[in-house]
Amino acid sequence: MKNLLLAILSGLVLALGWPTYGFPGLLFFGFVPLLWATERLLQSESSRPVLKIFGLAYLSFFIFNIITTWWLYNSTPFGMWFAVLANALLMTAVWLLYVRVRKRFARHLSLVFLAATWMLFEFMHLNWEFAWPWLNLGNGFADYTRWIQWYEYTGTFGGTLWVWVVNAFLFSAGFHFAETHNRKKFFNKLVLATLLILIPIGIGQAMFYTYTEADNPVEIVLLQPNIDPYTEKYNTTNERIADLLFSIADTTLTQNTDFLIAPETVLAEGAGVNLRDFEYSPERSRASEYLSQYPNLNYLAGIQFFRLYENEKDILPTTNFMGYNRIGNPIYADFFNSAFMLNRLDSTQIYHKSKLVVGVENFPYQSILKPLLGDVMIDLGGTVSMKTTQENRGVFKGAEGLQVGPVICYESVFGEFVTGYVAEGAQFLAIITNDAWWGNTQGHKQHLNYARLRAIETRRSIARSANTGISAFIDQKGTITKTQGYELQGSLKGTLNANNGLTFYVRYGDYLARGAGLIAVVLLIWSFFKKPQKPLTDRGNK
């Protein structure tokens, strides 16, 4: 019963440390109860300890996942249960690898393996087709950005490493005290653990108060049309949407405004707009007509494109079969969740979203899973289809030469991915999103706060246009300077500073995770050549 309570406690403490309702200081203690229960079972004479540890770990991580991401249920009950159950299972798999290594190595080295393997797991969640990095530990500080200004050097993996170092240190100190009752050594370790928490916070605070943005102002107007994606968005003509957008823009636009930004797939009538015909489309003509009133304005907006073809040689892994034409030939289509920008230069700039939502915009490993599962794409309104991506990050060039990175929705959760825009020359970031799927829950609030991490990592100001909310301006220190509230229709005008410098993280990306992955692999391979300790001991730890 005590081990069960410890497992429940770990899940609750981790969940209560999560943004935006929690306090991230709890993350430094969240794994300690589960580590304690695991160690107790490994040192006991209990039968089948690994099976019991599996149950306890899965319970902890299920509690953590369900409390922090239950809001997914509002958009897709199946997707929520799949994400919670599968992610808890993956976290448990990491824990069982730790158990294997702990049977062969002393406690300290085993904890190094656990931290490294967890970072490798998070790195995988950023880069495989089942990507779900929402609960990567470094994201937990998104609401306390003054603590983590050093993310410009480490990215969120610096936060993950920080959490694990403190947890491992506290657990090791506590369990060692339980074994030896050496109060002096325990006190010294508590002091060191406190310093491990406070010193990085102090460094972050110092960086926050000393960082100065270059004076390079850009005036921007963000549009928040507040269109219900379930009942209105995909059933309203693009003409009516454009009229709504420009009528909202008229309330705040001036001749000095540099950018007008509208949210993700705001133009999404039917199957979308034919990509090949966009240059001559009513959507482009209407936008160009409006821009003629503002010769210095750049208009950036989200749109759904499609591209049809009949040649089977052109089929991509993401291509959708649409049926047959009148003479019996198959018809194929690529669909795109895209951003476009127009200005007086009379050239259309387009970027296609490249980090897709699992089950909604892509079917992971479909060559393997589709024969087993059939077509299980999740319908969130509009066209249920695989989306086609592009390999490189697209950067839009404004009429006056200023460059902006068009980050589309879910892409803003991926740190190293976003650095690609900056490496290509983006001087500020425009995040366009639609956060209405989850209702007025923690979902859209967490998504907004994760954008603050991207601002710190890249030292790029962010202009965020959300269909339903929250639209916001974020400065280079990750501070939200202006917002348009959830479910409010309107525009938001603000000024941010452009930046040309490249941070250490932009240059080197997730180097911490790659290094941790190497350590994890080496230790795991080494464990196959080590015999289990009987009884389990901690030689060298006392």
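Helices H5 and H7 cross in a right-handed way. This is a predicted model, so take the picture below as a computed one. H5 covers residues 107–127 and H7 covers residues 156–180. Beyond that pair of helices, there's plenty of aromatic company to look at: a search of the whole structure turns up 50 aromatic pairs.

**How H5 and H7 pack**

- The two helices pack at an angle of about 155°, and their axes are 10 Å apart.
- Angles over 145 degrees count as roughly antiparallel, and H5 and H7 are therefore roughly antiparallel to each other.
- On the H5 side, the residues making the contact include Leu111, Leu114, Ala115, Trp118 and Phe123.
- H7 brings its own set to the contact, among them Phe157, Leu161, Trp164, Phe171 and Phe175.
- Charged and polar names turn up here too, including Arg107 and Glu122 of H5 and Ser172 and Glu179 of H7.

**A closer look at Leu120**

- Leu120 also belongs to helix H5.
- With 31% relative accessibility, Leu120 counts as partly exposed.
- Skip the neighbours within four places in sequence, and Leu120 is in contact with Gly517 and Ala520.
- Leu12 sits 108 residues from Leu120 along the chain, and their C-alpha atoms are separated by 24 Å.

**Two aromatic pairs to compare**

- Phe54 and Tyr58 have ring centres 6.1 Å apart and planes at 20°, so this pair is stacked.
- Both Phe54 and Tyr58 lie in helix H3 (residues 49–69), and being four residues apart puts them about one turn of the helix from each other.
- Phe54 is partly exposed, with a relative accessible area of 32%.
- Phe278 and Phe305 have ring centres 5.1 Å apart and planes at 80°, so this pair is edge-to-face.
- That second pair links distant parts of the chain, 27 residues apart: Phe278 is in the loop between strand E3 (273–274) and helix H10 (282–291), while Phe305 is in strand E4 (residues 298–309).
- Phe278 and Phe305 are both buried.

**A cluster of rings**

- One aromatic cluster is formed by Phe23, Phe28, Phe141, Tyr144, Trp147, Trp150, Tyr151 and Trp162.

**Charges over rings**

- Arg459 has its charged end over the ring of Tyr211, 4.3 Å from the ring's centre.
- Lys477 lies over the face of Phe208, at 4.2 Å from the ring centre.

Conventions
Residues are numbered from 1 along each chain as its sequence is written. This is a predicted model: local features need pLDDT of at least 70, side-chain atom pairs count only at pLDDT 80 or more; totals for chains, interfaces and linings use all residues. Side-chain values use heavy atoms; hydrogens and water are left out. Rings of Phe, Tyr and Trp (its six-membered ring) pair if their centres lie within 6.5 Å; planes under 30 degrees apart count as stacked, over 60 as edge-to-face and the rest as tilted. Buried means under 20% relative accessible area, exposed over 50%, partly exposed in between (1.4 Å probe, protein chains only). A charge sits over a ring if NZ of Lys or CZ of Arg is within 6 Å of the ring centre and within 35 degrees of the ring normal. Axes are lines fitted to C-alpha atoms, for helices over the stretch in contact, and angles run from 0 to 180 degrees between N-to-C directions. Angles under 35 degrees count as roughly parallel, over 145 as roughly antiparallel, 65 to 115 as roughly perpendicular and the rest as oblique. A crossing is left-handed if the near helix is turned anticlockwise from the far one by less than a right angle, and right-handed if clockwise. Contact means heavy atoms within 4.5 Å.
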